[in-house]
Structure formats: C-alpha cells, structure tokens
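Thank you for sending this structure along; my comments follow as numbered points. They begin with a single residue and then turn to the packing around it.

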Amino acid sequence: MSDPYRERQPVRVSITGIDGAGKDTVAKNALRRLSEDDMRVVKLGRPAYLFNNGEQQQIYRRTTEGFDELHRRADVNHDPRRIMVANALNVLAQSRILERLASTPRKAVDVMASSRDARIDPTVYFDYYAPQNLQTSVDMRRRLQTMQRLSGISRDLIVLLKVDPEVAVERIEGRIVAEQETREQSGHSQAGMRDKWRHMHENAADLGRLARGYDIALELLQEVEPTP
C-alpha cells in the first residue's frame, strides 16, 4: 500500500548565510510570490510562517519565541555554552518535529523552506561557540555527518546568500536602531514579530570568519549529502 505522506512530500529548500545576509527578507519575498501561484508554502525558522495565496500567517509562535528567549538570555550573559544548547534544541525541534508537523497528508505543502540549514549552520557556528578543545578535536566533516544524523533532513536545494561582513553589520545595526525608534514611538514592548538583538559574533571580523566557514561546509556537504 502506498504511503500518502511520501506522495505529498514538498520541495525542500534551505536558505542560509551569515547574519545580515538577508535570509528572512529573501525567503519571505520569494515564498510569498510562490504562494501567489497557487502553492502552499511553509517557511520554518524563527519566526515560522505559512504562505497561502499570497497571505502570510505566523505558525508555531509559542515554540519559536521560546527558543528565541533562551537564545537571548544566553547572549545577554555572554554564555557560549548556553547559546550552543539553545541552538541545538531549536535545530532538533525544527528538523525532527516541526518540519514533520508542517507537512502531512491533511496539510499538503508544495514548498518547505528553512531560513537556516540544520546541518550547515550548527557546523559553522561550532567554530565560534564550542570550547576550544572540541573545535580542534572534531573536524568539520565529522560535525556535518553528526548533524546529518541528528537532524535527519534532506534538501532539494540549498541557497547560500553572500554579503560583505561590513555591510551585514550595517544592516544589523540599522535594524536594531529602527526597531528601537518604533518601540519608543508606539509605546509597545516589541517593534515586530521578532525584534533583533545583537549576537556575540555580530562584528565584521567574526562574520568574515563565519562566512569562510560556510564556503568550506557547503563544499564538504556535497560529499556527505550531495545537494544542488
């Protein structure tokens, strides 16, 4: 007997890159346009959305905001280990639970996109947040293989967005300032669905280092799990 879930598998896409590369902006604009062509589209990440006939609806809000709060607290305390734990929990929840829940025979999805990749991003950021002894003892290939097993994801397409690290920092700073002005003018505690805060690595030098890591990780992934 055929498996109806397998028959309805969506096209799966990862849109990734360093902070400030424009992942959410590109994803939302592209996916909204796809949904206008009578496609049902889901974008997972923080936040997560369902696009249907050009309309955008936030989904899994409580879950994604919970992971955001964990990450924010770890960043405020400059605690790399807590940041690693928060991100690991988010990756596993998204890849093992939310991705499965978002596309079922009852809720058929044509395109499933994520604004990071559950294999590449943890592998790259490991070099920044993991203890030094782990960074040197676990090479990038082993990290990718481990994240492939843990996440269990597959992708039909990976989109790596590139940006000059200096430009990325300008974008990040500009958004933080704009959101602060919006909060002051509106009197609300939030400027949008997900306000930006400054992560430990969001400076030109560290973003440049991470950008080089993306190039290496993507090349290695072609050997571990070949993907266009």
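1. Please keep in mind throughout that this is a predicted model. I start with Asp117, which lies in the loop between β5 and α5. Is Asp117 buried or exposed? With a relative accessible area of 1%, Asp117 falls under the 20% cut-off, and therefore counts as buried.

2. The surroundings of Asp117 draw on distant parts of the sequence, as the separation from Ser14 shows: the two residues are 103 residues apart along the chain, while their C-alpha atoms are separated by 5.4 Å. Leaving aside residues up to four places away in sequence, Asp117 touches Ser14, Thr16, Pro122, Ile153, Arg155 and Ile158. In addition, the side chain of Asp117 reaches the backbone nitrogen of Ile120, at a distance of 3.0 Å.

3. Ile120 also appears in the largest nonpolar core, which has 32 residues and in which Ile18, Leu31, Ile120, Val124, Leu207 and Leu210 have the most contacts. At least two residues of this core are supplied by each of β1 (11-16), α2 (23-36), β3 (48-52), β5 (111-114), α5 (120-129), α7 (140-151), α8 (165-186) and α9 (204-224). Which helix gives the most to this core? That is α9, with six residues.

4. Leu210 deserves a separate remark, since, when residues up to four places away in sequence are not counted, Leu210 touches Ile18, Val124, Tyr125, Tyr128 and His201. Apart from the core just described there is a second, separate core of nine residues, and Ile59, Leu98, Ala102 and Met112 are included in this second core.

5. As for helix packing, α8 and α9 meet at an angle of about 120°, and their axes are 8 Å apart. Angles of 65 to 115 degrees would count as roughly perpendicular and those over 145 as roughly antiparallel, so α8 is classed as oblique to α9. The contact is made on the α8 side by Pro165, Glu166, Ala168, Val169 and Ile172, and on the α9 side by Ala204, Leu207 and Gly208. The crossing in which α8 passes α9 is right-handed.

6. Finally, Thr146 has its place in helix α7. How accessible is Thr146, and what does Thr146 count as? Its relative accessibility is 32%, and because this lies between the limits of 20% and 50%, Thr146 counts as partly exposed. Thr146 and Arg119 are 27 residues apart in sequence, and the distance between them in space, C-alpha to C-alpha, is 8.3 Å.

Methods: Residues numbered from 1 in each chain as written. Predicted model: local features only at pLDDT ≥ 70, side-chain atom pairs only at ≥ 80, totals over all residues. Heavy atoms only, no water. Core = buried A, V, L, I, M, F, W, Y, C linked by side-chain atoms within 4.5 Å. Buried < 20%, exposed > 50% of the residue type's maximum accessible area, 1.4 Å probe, protein only. Helix = DSSP H or I, 4+ residues; strand = E, 2+ residues; numbered from the N terminus. Contact = heavy atoms within 4.5 Å. Polar contact = N/O pair within 3.5 Å; in protein donor to acceptor, adjacent residues only side chain to side chain. Axes fitted to C-alpha atoms, helices over the stretch in contact; angles between N-to-C directions. Parallel < 35°, antiparallel > 145°, perpendicular 65-115°, else oblique. Left-handed = near helix turned anticlockwise from the far one by under 90°.
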